2 protein chains.
Amino acid sequence: MSERETRTAGASAPSAEALQKLAGRHQAGYRSVGTMAYDILRDAILDGTLAPGQKLRQETLAETIGVSRLPVRSALIQLEADGLVEFHARRGAVVKALSAEQAREVYDIRVLLEIDALRHSMDEMTPERIARLRELGRTADAEEEGADFVDARTQFYAELYGAAARPVHWEMIEQLRLKVGRYVLGWRLVGGGEHGHSHEELVAAVEAGDADAAAEVLRSHLTGVRDAVLAMLSAEGGAAAR
Amino acid sequence: MSERETRTAGASAPSAEALQKLAGRHQAGYRSVGTMAYDILRDAILDGTLAPGQKLRQETLAETIGVSRLPVRSALIQLEADGLVEFHARRGAVVKALSAEQAREVYDIRVLLEIDALRHSMDEMTPERIARLRELGRTADAEEEGADFVDARTQFYAELYGAAARPVHWEMIEQLRLKVGRYVLGWRLVGGGEHGHSHEELVAAVEAGDADAAAEVLRSHLTGVRDAVLAMLSAEGGAAAR
DNA sequence: TTCCGAAATCTTGGATCCAATTTGCGTGCC
DNA sequence: GGCACGCAAATTGGATCCAAGATTTCGGAA
């Protein structure tokens with residue numbers, strides 16, 4: 001039952017098992033099946049289960065995660081808006097790849113936006129928020145696996161940038177982080193994590209009220225990650241950048 | 001046929017005629033009905049046909065623009081991703097309003113992003129692009145009505161910022177412009193257009209190669225529009241900002 | 001043997017149909 | 001007379017069904 005399927009299922013079969021495992025983690029009580037499908041597919045793209053260039057057949061995805069094609073279509077539309085998948089007219093959807101140039105753009109803009117967000121946020125900093133930041137940074141460093149790793153760090157930066165006070169600004173930052181999330185994950189698996197201490201370093205600068213120092217820590221962290229991502233994308237060659 | 005309908009159709013009837021007119025302009029050959037519905041509804045929100053706070057009943061919209069409910073749902077999902085509408089679980093969708101604080105955020109970020117885009121673009125400026133900019137600026141100034149007015153200006157800025165060379169950067173800028181597009185339109189209708197000359201002023205600075213001057217023109221233009229939008233939002237009070 | 005064309009199959013996109021949930025109204029009780 | 005509970009109607013969300021288009025394969029001809 002598995003020797004002939006290789007040809008039939010083409011590029012979509014290899015991820016079936018892993019995708020089902022992801023679907024299992026999301027089986028909890030969702031209000032709508034569409035949002036569940038969105039979360040499953042988004043996580044699948046972020047952790048590499050659905051690789052860039054992968055062709056996304058609606059029916060295959062639908063029966064893999066156990067729903068109809070309709071919520072899958074809803075999810076794909078949302079993912080297209082996020083820039084994670086790409087629709088080719090009547091020819092279906094594929095997981096969008098980020099070129100090296102686009103990744104560089106993302107990090108250039110992130111430096112701009114995140115430093116600005118940090119400065120705004122530091123104007124409204126409180127001891128309570130500092131304490132909360134330390135706590136979130138610790139749990140973020142503790143998390144190791146795919147999607148949870150991203151979630152924990154997201155919470156840290158949401159607090160750091162004052163997401164609640166500047167929702168639009170934070171929304172933009174999140175979109176950019178989403179675009180490069182999978183490459184950071186891939187890089188982390190390959191290159192190891194010597195960046196773990198930047199959380200504490202950042203919090204220390206914020207606590208000291210030194211905006212320039214905090215901005216510099218942030219900038220060097222982002223450019224460091226950027227260079228690592230770019231190196232990985234160059235190493236993989238045109239395959240992922242197609 | 002119009003005296004009793006006011007109560008029956010509630011908040012959605014007043015826009016029916018105008019919406020149908022918009023639908024007529026988009027009746028051209030679309031590949032998918034979903035994208036057509038998206039364009040129609042997006043334009044309707046941008047030009048105020050669908051006002052902020054407006055409740056969007058899927059069936060009403062569907063029969064007004066002459067399609068089924070399914071492509072309307074697709075369009076609404078996309079519009080939610082754009083931040084133009086808001087889904088309330090099982091209770092339907094409404095046109096999202098922008099608070100004054102959020103509008104301020106949008107313009108703050110736009111200053112950051114657009115000045116940076118302009119500087120990058122000026123590094124790759126050519127006489128051909130200058131000429132094209134002049135042409136686009138002229139046609140943009142000529143356009144007066146709703147959606148076309150936005151389109152023409154979008155083309156101008158796409159060329160100014162080198163959208164082709166920096167697609168991610170441009171995508172971010174477009175998202176932000178989309179969020180405030182309707183308020184600019186509203187402000188323009190109210191306040192008149194003393195901002196028309198900024199196109200030529202901008203092109204002149206770009207042609208001279210003076211990045212700082214061009215950035216300053218852009219910044220003052222954006223902050224000027226921002227203040228006008230904020231004034232309008234404050235004047236309307238909590239109605240639009242709810 | 002290779003290239004072009006046509007037909008068949010597969011896949012996306014749309015419409016109608018059905019179920020589930022929410023909201024509004026009416027009635028009954030306190 | 002007011003509030004609460006329950007029922008009914010309407011609207012959203014999901015599934016199955018149908019049509020349109022694209023791709024691939026097979027066959028024929030050069």
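Which residues come nearest to DNA strand D? In this predicted model, they are A:Val33, A:Ser68, A:Arg91, B:Arg69 and B:Arg90, out of the 17 residues around the strand.

**Where the protein meets the strand**

Let's look at the DNA side to begin with. Among the atoms of DNA strand D within 4 Å of the protein, 62% are part of sugar or phosphate, and the rest are part of bases. On the protein side, the surface near the strand is made up of 6 nonpolar, 5 polar and 6 charged residues.

Some polar contacts with DNA strand D are listed here.

| Residue | Protein atom | Atom of DNA strand D | Distance |
|---|---|---|---|
| A:Gly34 | backbone N or O | phosphate oxygen | 3.1 Å |
| B:Arg69 | side-chain N or O | base nitrogen | 2.7 Å |
| B:Arg73 | side-chain N or O | phosphate oxygen | 3.1 Å |

Both chains supply elements with two or more residues on this surface: chain A has helix H3 (33-46) and helix H5 (69-82), and chain B has helix H5 (69-82). B:Arg69 thus appears twice in this picture, as one of the residues that come nearest to the strand and as the partner of a base nitrogen.

**Inside the protein**

Now for the interior. The largest nonpolar core holds 87 residues, and A:Leu160, A:Tyr161, B:Leu160 and B:Tyr161 have the most contacts inside it. Take A:Tyr161 as an example: leaving aside residues up to four places away in sequence, A:Tyr161 touches A:Glu114, A:Ala117, A:Leu118, A:Ser121, A:Trp170, A:Ile173 and A:Leu218. Another core, of 26 residues, lies apart from the largest one and includes A:Leu22, A:Leu41, A:Leu50 and A:Leu79.

How values were computed:
Residues numbered from 1 in each chain as written. Chains lettered and ligands numbered in written order. Predicted model: local features only at pLDDT ≥ 70, side-chain atom pairs only at ≥ 80, totals over all residues. Heavy atoms only, no water. Near = heavy atom within 4 Å. Polar contact = N/O pair within 3.5 Å; in protein donor to acceptor, adjacent residues only side chain to side chain. Helix = DSSP H or I, 4+ residues; strand = E, 2+ residues; numbered from the N terminus. Nonpolar A, V, L, I, M, F, W, Y, C, P; charged D, E, K, R; others polar. Core = buried A, V, L, I, M, F, W, Y, C linked by side-chain atoms within 4.5 Å. Buried < 20%, exposed > 50% of the residue type's maximum accessible area, 1.4 Å probe, protein only. Contact = heavy atoms within 4.5 Å.
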